[in-house]
Amino acid sequence: MGNLEKSNKLKDSGKPGESEAPTKSLESMESSEEPKKFYIHTFGCQMNVHDSEILGGFLEDLGYREAAGVEDTDILIMNTCAIRQKAEAKVFGMIGKLKKLKREKPHLIIGVCGCMAQQEGTAKKIKARYPHVDLVFGTHNVHRFPHLLKEAEESRETVLDIWPEGKEVVEGLPISRKGGIKAWVTITYGCNNFCAYCVVPYVRGREQSREMSNIVTEVEGLASKGYKEVTLLGQNVNSYGKDLDKSITFALLLEKLDSITGLERIRYMTSHPRDFSRELTEVIYRSEKVCEHFHLPIQSGSNKILGKMNRGYTREHYLEVVSYIRELIPHSSITTDFIVGFPGETREDFSDTLEILERVRFDTSYSFVFSPRKGTLAADMPGQIPAAEKKERLLKLNETQNRISREINEALRGTVMDVLVEGFSRENPSVLTGRTRTNKLVNFKGEKEMIGKIIPVKINDVKTWSLDGEALS
Ligand code: SAH
Ligand code: SF4
Ligand code: F3S
């Protein structure tokens with residue numbers, strides 16, 4: 001399909017309210033043909049990783065196979081992220097480079113989806129600047145992918161289909177999961193929090209919980225297929241169920257999932273410190289499978305900045321949450337996210353952040369420099385911090401965190417930890433790799449037969465970001 005010359009047209013295919021069942025009715029490829037291949041490049045967080053698993057599921061149902069790389073594929077999808085400027089720049093860089101490939105392989109279908117595509121104006125920008133893209137769709141209509149793909153294949157024009165919002169949760173989509181050991185399971189879509197810096201509520205829409213029975217059925221199915229671990233996904237898992245029946249809460253969901261036979265570990269992300277409760281910590285304490293890892297993004301240690309960020313908690317509240325977690329489950333790990341250089345962040349505010357890091361002693365943290373996102377409150381706030389200052393603060397924060405992470409890991413030397421073995425390490429294929437319940441990455445010497453099992457590992461050496469050891473059985 002030599003459609004490089006096509007004129008792009010905004011198509012009105014499908015309305016946001018339509019909750020269509022996924023379709024498998026498209027003709028599968030004829031068996032005599034070499035199967036066509038797909039390649040999905042996923043940017044951003046686990047929400048996108050999971051959406052890519054759905055796109056992969058649709059494509060496999062249509063008879064496609066996964067390609068080894070960009071050069072080898074018939075369909076190339078970029079599932080994009082808009083969280084920071086850098087993430088967007090990477091996507092535009094990749095789209096630009098694909099122009100040459102499309103010229104050489106005119107039948108290649110190029111698609112762009114995800115959070116960036118959902119942002120107002122981006123689809124039109126792609127249409128205007130990158131006519132070699134065949135299909136652009138957003139986050140609310142992933143379930144229509146087979147229809148959109150067919151349109152893109154048949155059309156000489158770029159198909160653009162962005163829904164302003166999603167209406168109902170669509171169940172029963174095919175999911176192509178890899179590895180057979182760990183699975184992502186969405187429990188809520190969207191976010192209602194509108195933190196002042198964050199683009200997610202604009203690109204993922206309002207919070208919607210999946211029915212508890214659907215989640216339980218999905219996890220039971222995974223356990224019966226041999227999956228050992230599930231991670232429950234939502235932008236704020238603690239608000240799970242608020243839009244459902246009054247009796248449905250995140251704590252109740254954890255209790256239900258904890259009783260599923262065969263499943264070994266339950267994780268969840270992300271928790272909002274405002275909505276975290278002692279009651280939930282008690283449920284986790286009583287549970288068998290919910291892991292002792294708490295990822296609680298604090299963002300800043302300054303009450304002034306937390307207020308401006310619209311986070312809805314104070315540093316005192318955060319410290320109280322940490323104190324009851326450590327009181328009830330002393331060996332748990334606590335990790336966090338920080339944003340440095342939020343508008344108006346003075347040196348004193350930044351010192352408060354360093355101080356809370358020293359006080360809580362997070363196992364690890366993910367730190368970002370504030371990136372103004374168009375349409376968010378913070379983008380236009382006065383007191384924007386110069387890039388060099390933001391970078392300097394980030395370096396200081398990382399330096400402090402790395403020292404603390406190393407010290408915490410040092411205390412684990414010589415201990416024995418249960419590791420869910422995921423496979424051979426990509427960096428060093430002669431060692432196995434896996435994670436502890438506290439989410440520490442462990443590389444160790446062991447046998448292939450250990451993959452998929454929980455194995456006690458003696459920790460012989462420690463690094464800032466990982467542990468090294470040897471299997472004891
Ligand atoms: N829902 C999760 C976070 C999702 S985004 C929560 O509330 O914790 C992941 C992380 O990206 C955030 O925790 C924040 O630290 C960072 N982030 C989000 N928007 C950002 C921005 N505009 N600039 C820099 N970092 C940002
Ligand atoms: Fe963004 Fe805040 Fe929602 Fe997290 S809780 S996704 S940071 S708006
Ligand atoms: Fe990025 Fe969208 Fe996730 S903006 S961080 S991929 S929800």
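A polar contact here is a pair of N or O atoms within 3.5 Å. Keep that cut-off in mind as we go through this predicted model, starting with the ligand.

Gln299 gives a nice example: one of its polar side-chain atoms sits 2.7 Å from an oxygen atom of ligand 1. Gln235 does something similar with a nitrogen atom of the ligand, which is 2.8 Å from an N or O atom in the Gln235 side chain. Then there's Arg311, where a polar side-chain atom lies 3.4 Å from a ligand oxygen, so this pair still falls within the 3.5 Å cut-off. How much of ligand 1 does the protein bury? On its own the ligand exposes 550 Å², and the protein buries 90% of that.

Now for the shell itself. Ligand 1 has 15 residues around it, and the ones that come nearest are Gln235, Pro297, Gln299, Asp337 and Ser371. Sort the shell by character and you get 7 nonpolar, 4 polar and 4 charged residues. Which elements give two or more residues to this shell? They are strand E14 (333-340) and strand E15 (364-369).

Let's move along to the barrel. Here 5 strands close up in the order E16-E17-E18-E20-E19, with mixed pairing. On average, neighbouring strands of this sheet are turned by 50° against each other, ignoring direction. For a look at one pairing, take strand E16 (residues 416-424) and strand E17 (residues 432-435): they run antiparallel to each other and share 4 bridges. If you want a spot to zoom in on, try Leu420, whose bridge partner in E17 is Arg435.

Methods: Residues numbered from 1 in each chain as written. Chains lettered and ligands numbered in written order. Predicted model: local features only at pLDDT ≥ 70, side-chain atom pairs only at ≥ 80, totals over all residues. Heavy atoms only, no water. Pairing = 2+ DSSP bridges. Axes fitted to C-alpha atoms, helices over the stretch in contact; angles between N-to-C directions. Near = heavy atom within 4 Å. Polar contact = N/O pair within 3.5 Å; in protein donor to acceptor, adjacent residues only side chain to side chain. Areas by Shrake-Rupley, 256 points an atom, 1.4 Å probe, with all protein chains shown as cover. Nonpolar A, V, L, I, M, F, W, Y, C, P; charged D, E, K, R; others polar.
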